[in-house]
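Biologist: I am new to this one. Please walk me through the terms as we go.

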Amino acid sequence: MLAVRTANAWAAMGGRAILANVAYLPSHPEVVSQISSRVALIPELGQGDAGLKTICANYDVDIIHSSMWWADAYVATHGIEDIPHMPWVTTMHGCHESILENPQIDHRFPDLMGYMRQRMDAWVPVAEKNTRIFDSLGMPDHVTRIPNGVPVIPPRSLTREELGLRESAVVLCLASRAIETKGWAAAAEMVQSLNSEGLSVDLMLIGEGPVYEDLKELDLPHVHLYGHRGNIQDYMAACDIGILPSFFVGESMPLVLLELMALGKPIVATDAGEIPLLVADGDAPCGLIVPLSNAGQLDAIAFRHALKALIADPDRRSQFGAAAKHRYETRFTIEHMMESYRQVYADVLRRIAQDKTAW
């Protein structure tokens, strides 16, 4: 979604953008539906395609911007060496350190990272932790940290009746990939526990993955599964508290929290990645942060206590929500992000033009 929003925003600014899926995962219809009509789409690149040199020539490409490790690896192995003066920028948001922790994910990682370290024209980490990959390689000359940004899409009003939610309930919303380390199963268990204590709490789960399938089979009361949704902000708008009980090793700066903040929702989340900087940095926090254990695991008891405290205090929820909206508007809009990328692109093009003149 970061790639989609970057392409959409660049096109809206008057630029040209071609969005290409390197086919690590198939294009999801709900994601494709979010792509602007101003953006050209290559829905699936593969081993038999024409190669980067031909693609860049056909589309008159000025800069390659890869996002996520699998896109980096595609560029590195599909012809970037044939276009040595083509600028190459990458955004880093967790994949690289995930592979550092689990090398079996991609055995090509060490060799390709060594090549990229020399070839890449600009690295854009979204979080300080993303630069851990350079501890052994050495920090590149051109590293610019750019926080994520999201657009505000005015939500369509969805009633609680439409969504199957109780009118009396405090509604929590977790939107992410449905994997264990994003806290899906733990969130469902917490909601079961809170209801057993006499609290009226409903949980909205938005996304797809293995834990989605597991929870679908369990059919738990007060746990509502909506799958992947392109209009995610319509669903988020119906909640009272946004949550992210994540202990995902690659967590950096989750877009879903920014979307919740843009809607003025209070947050309860762990301290994984840069989440504390999103939620609690400065004098006006917009939610509660629950530290992970020393082993990097979710402290479900502490998380449930934080939820109970916020569920019981609607005034505090309102204060956090107002702070969330202000924090988003001053620091995490799509306009802030795109101006920073514009500067990175301009700097890369300037440096390459100077090199060509020197040659």
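Biologist: Why is Met236 called buried or exposed?

Modeller: This is a predicted model, where local features need pLDDT of at least 70, side-chain atom pairs count only at pLDDT 80 or more, and totals for chains, interfaces and linings use all residues. Residues are numbered from 1 along each chain as its sequence is written, and side-chain values use heavy atoms, without hydrogens and water. Now Met236: its relative accessible area is 0%. Buried means under 20%, exposed over 50%, partly exposed in between (1.4 Å probe, protein chains only). Therefore Met236 is buried.

Biologist: Where is Met236 found, and which residues does Met236 touch?

Modeller: Met236 is in helix α11, residues 232-236. Helices are DSSP runs of H or I, at least four residues; strands are runs of E, at least two; both are numbered from the N terminus. Not counting residues up to four places away in sequence, Met236 touches Cys173, Ala175, Val256, Glu259, Leu260, Leu263 and Lys265. Contact means heavy atoms within 4.5 Å.

Biologist: Why does Glu208 count as buried, partly exposed or exposed?

Modeller: Glu208 has 40% relative accessibility, so Glu208 counts as partly exposed. Glu208 lies in the loop between β7 (201-206) and α10 (210-218).

Biologist: What makes helix α1 mostly covered?

Modeller: In α1, residues 2-12, 8 of the 11 residues are buried. Among them are Leu2, Val4, Arg5 and Thr6.

Biologist: What comes just after α1?

Modeller: Gly14, with a positive phi of about 105°.
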